[in-house]
Amino acid sequence: MPGSTGEKQQVRRTKIHRHGWLAIDKPSGLTSTQVVGRVRYLTRAFKAGHGGTLDPLATGVLPIALGEATKTVSFVMEGLKSYQFTICWGERRDTDDSDGQVIACSDRRPTTAEIQAVLPSFTGEIMQKPPSYSAVKVAGRRAYEIARSDQVVELEPRPVRIERFELTQVLDADHSLFELECGKGGYVRAVARDLALKLGTEGHVSALRRTRVGPFTLEHAISLAQLEALNDSAALAEQLLPLIEGLAGVPNLRVDAAQAARLQSGQAVPLVRAPRHDDGDRIKAPAVMCAVFAERPVALVDFRAGEIRPKRVFNFSA
């Protein structure tokens with residue numbers, strides 16, 4: 001019977017329409033999906049998603065989009081990412097990090113001079129073969145699913161861009177600390193694997209911390225424990241970054257009330273004059289922009305043929 005001794009009663013948590021970004025300082029040991037689930041529970045948001053996966057081993061910046069901000073996730077994932085990581089020399093692992101099994105060993109340890117000499121070959125546009133344990137799809141399946149079933153994973157090298165790669169400290173004979181900045185699709189684990197092979201040894205990532213994803217940095221990140229301590233809406237609102245933060249690389253186009261209404265109803269809006277960047281230069285079609293009315297994002301729009309058409313309309317009441 002309801003209310004009987006020992007019966008567990010579950011309190012239904014009322015969902016709240018929240019829109020914006022939280023920069024979470026992800027702890028080690030959790031998947032990105034687990035962090036999203038925890039954030040969604042703590043914030044009671046209807047929708048949540050992350051802007052770039054971090055492996056369970058990794059810590060650092062994991063941008064979480066709430067509500068309508070989930071429509072901007074793809075733009076955040078296109079942004080540059082910065083990492084600090086440690087390579088453990090002498091062992092290669094099947095996952096290319098310390099969570100995996102040892103599959104090769106080497107007694108060779110590279111010198112500082114040897115490491116510095118080869119780093120330039122890992123910057124700029126390079127070809128990189130993703131780790132076998134990665135989310136890359138092979139014939140409709142994730143590579144890590146195939147690898148976990150003890151099947152051979154065949155992944156083709158693909159172009160990635162490494163903006164910066166520096167040796168920052170030799171911790172001891174077996175460990176070196178690096179900093180790296182890369183574009184979309186770059187795998188730090190693959191960089192560690194390939195650098196070790198280039199130096200005639202084996203290696204894997206033993207520690208990894210992401211310090212930046214696009215506009216989101218550790219400076220504004222909070223831990224899950226800190227988020228849990230924010231037990232009132234006002235305190236949470238102070239931590240919630242506006243939706244437009246996720247569109248740092250997208251030009252804004254200011255529209256009036258009538259134009260905003262047309263866009264929100266899915267209609268195109270003709271432009272009398274070409275839009276311009278903040279520096280005054282004309283924006284050339286085709287381009288994606290964010291239409292803004294009264295300092296609030298209205299829609300992501302396609303600019304072409306003298307008009308703008310809504311791609312994703314923001315509805316802050318849903």
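Lys-47, Glu-68 and Lys-71 are joined in a network of salt bridges. The model is predicted. In total, 18 salt bridges are counted. Side chains of opposite charge can pair when their charged atoms come close.

One of these contacts couples Glu-78 to Lys-184, with the closest N and O atoms 3.1 Å apart. The two residues belong to distant parts of the chain and are 106 residues apart. Glu-78 sits in the loop between helix 2 (73-77) and strand 4 (81-89). Lys-184 sits in the loop between strand 11 (175-182) and helix 5 (188-198). The relative accessible area of Lys-184 is 47%. Lys-184 is therefore partly exposed, since the class lies between the buried limit of under 20% and the exposed limit of over 50%.

A further salt bridge is formed by Arg-109 and Asp-174, where the closest N and O atoms are 2.7 Å apart. Arg-109 lies in the loop between strand 6 (102-105) and helix 3 (112-118). Asp-174 lies in the loop between strand 10 (158-172) and strand 11. The pair therefore ties together parts that are 65 residues apart in sequence. Arg-109 is partly exposed, at a relative accessible area of 30%. Asp-174 is likewise partly exposed, with 31% relative accessibility.

Strand 10 (158-172) also spans the positions of another charged pair. Here the side chains of Arg-164 and Glu-166 meet in a salt bridge of 3.4 Å, N to O. Arg-164 has a relative accessible area of 28% and counts as partly exposed. Glu-166, at 35% relative accessibility, is also partly exposed.

Attention now turns to sheet architecture. Strands of a sheet pair through backbone hydrogen bonds, either parallel or antiparallel. In this model, five strands make up an open sheet. Their order is 14-16-17-18-15, and the pairing is mixed. The edges are taken by strand 14 (252-254) and strand 15 (269-270). Each edge strand has a single partner strand, so one side of each is left without a neighbour in the sheet.

Within this order, strand 17 is followed by strand 18. Strand 17 covers residues 296-304, and strand 18 covers residues 307-313. The two strands pair in the antiparallel sense over six bridges. Across this pairing, Val-301 stands opposite Pro-310 in strand 18.

Conventions. Residues numbered from 1 in each chain as written. Predicted model: local features only at pLDDT ≥ 70, side-chain atom pairs only at ≥ 80, totals over all residues. Heavy atoms only, no water. Salt bridge = Lys/Arg side-chain N within 4 Å of Asp/Glu carboxyl O. Helix = DSSP H or I, 4+ residues; strand = E, 2+ residues; numbered from the N terminus. Buried < 20%, exposed > 50% of the residue type's maximum accessible area, 1.4 Å probe, protein only. Pairing = 2+ DSSP bridges.
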